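The following report looks at how selected side chains pack, and at where a pocket and a recorded annotation fall along the chain. Please read it alongside the sequence and coordinates.

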Amino acid sequence: MLLAVTIVTLAVTALLRGPISDLVVATAGTDQSPAQRAADADRSTWSTSGWAGHIPGLTLMSGVVTEELMFRGPLVAAVVFARRYFRSGWPKWAARILIAILWIFLGYEFGIGHDTFSALNAALMVVAGLLWGALAIWTKSLLPSIASHALYNLFADW
């Protein structure tokens, strides 16, 4: 199981950095407004300035863990809750619908939270949020989505 999770985690990261990114670029384009370019520059300055910027990986991991807790944590909690409490009378389809709605909502919210950088980034992050959410639902753990998200961010500037 660990090998399968590792392979899927790396595959999700590779898809987001390759074919999915290419598809989103072809669909959304790469144009950025001056406000978006300024927000990117501010973000870059903020993430590398101050004492946190001098500790390798701290800024990268603190953002990743925070985002995963906010956007994928509720999914894992919903899956655990559904497995525990929906067995006592509620139909399985109701649990699946609630989890699907939460999954889509949180994936969309994750992407829209990145719209200050560019429309392209927001579109790509909606897809990433859905994939990382699916990974969290499948594994019932945040660790694979944290690992994939950290790898994605690590290679974002390459």
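Leaving aside its neighbours within four places in sequence, H149 is in contact (heavy atoms within 4.5 Å) with V64, E67, E68, R72, F110 and W132. This is a predicted model, in which local features need pLDDT of at least 70, side-chain atom pairs count only at pLDDT 80 or more, and totals for chains, interfaces and linings use all residues. Residues are numbered from 1 along each chain as its sequence is written, and side-chain values use heavy atoms, with hydrogens and water left out. H149 belongs to helix α8, residues 143–154, where helices are DSSP runs of H or I with at least four residues, numbered from the N terminus. With a relative accessibility of 1%, H149 counts as buried; buried means under 20% relative accessible area, exposed over 50%, and partly exposed in between, for a 1.4 Å probe and protein chains only.

Two of the contacts of H149, F110 and W132, also take part in ring packing, since ring pairs link F71, F110, W132 and Y152 into a cluster. Rings of Phe, Tyr and Trp (its six-membered ring) pair if their centres lie within 6.5 Å, and planes under 30 degrees apart count as stacked, over 60 as edge-to-face and the rest as tilted. The structure holds three aromatic pairs, including the two tabulated here.

| Pair | Centre distance | Plane angle and class |
|---|---|---|
| F71 and F110 | 5.3 Å | 75°, edge-to-face |
| F110 and W132 | 5.9 Å | 75°, edge-to-face |

F71 lies in helix α4 (residues 58–71) and F110 in helix α6 (residues 92–112), so this pair ties together parts that are 39 residues apart in sequence. The pair of F110 with W132, the latter in helix α7 (residues 119–139), likewise links distant parts of the chain, 22 residues apart. F71 counts as buried at 14% relative accessibility, F110 counts as buried at 0%, and W132 is buried as well. The charged end of R72, another contact of H149, sits over the ring of F110 at 4.4 Å from its centre, a description that requires NZ of Lys or CZ of Arg within 6 Å of the ring centre and within 35 degrees of the ring normal.

W132 and Y152 appear again among the contacts of L16, which, not counting residues up to four places away in sequence, also touches S21, L124, V127, A128 and L131. L16 lies in helix α1 (residues 2–17) and counts as buried at 0% relative accessibility. Its C-alpha atom is 7.9 Å from that of L124, although L16 and L124 are 108 residues apart in sequence.

In the loop between α7 and α8 lies K140, which is partly exposed with a relative accessible area of 36%. The phi of K140 is near 55°, a positive value in a residue other than glycine. Most residues other than glycine have a negative phi.

An unreviewed UniProt entry lists residues 93–111 and 117–138 as "transmembrane region"; such annotations may be inferred rather than shown by experiment. The span of residues 93–111 is 100% helix and 0% strand, and its end C-alpha atoms lie 27 Å apart.

Terms used. Helices (H or I, at least four residues) and strands (E, at least two) are DSSP runs, numbered from the N terminus.
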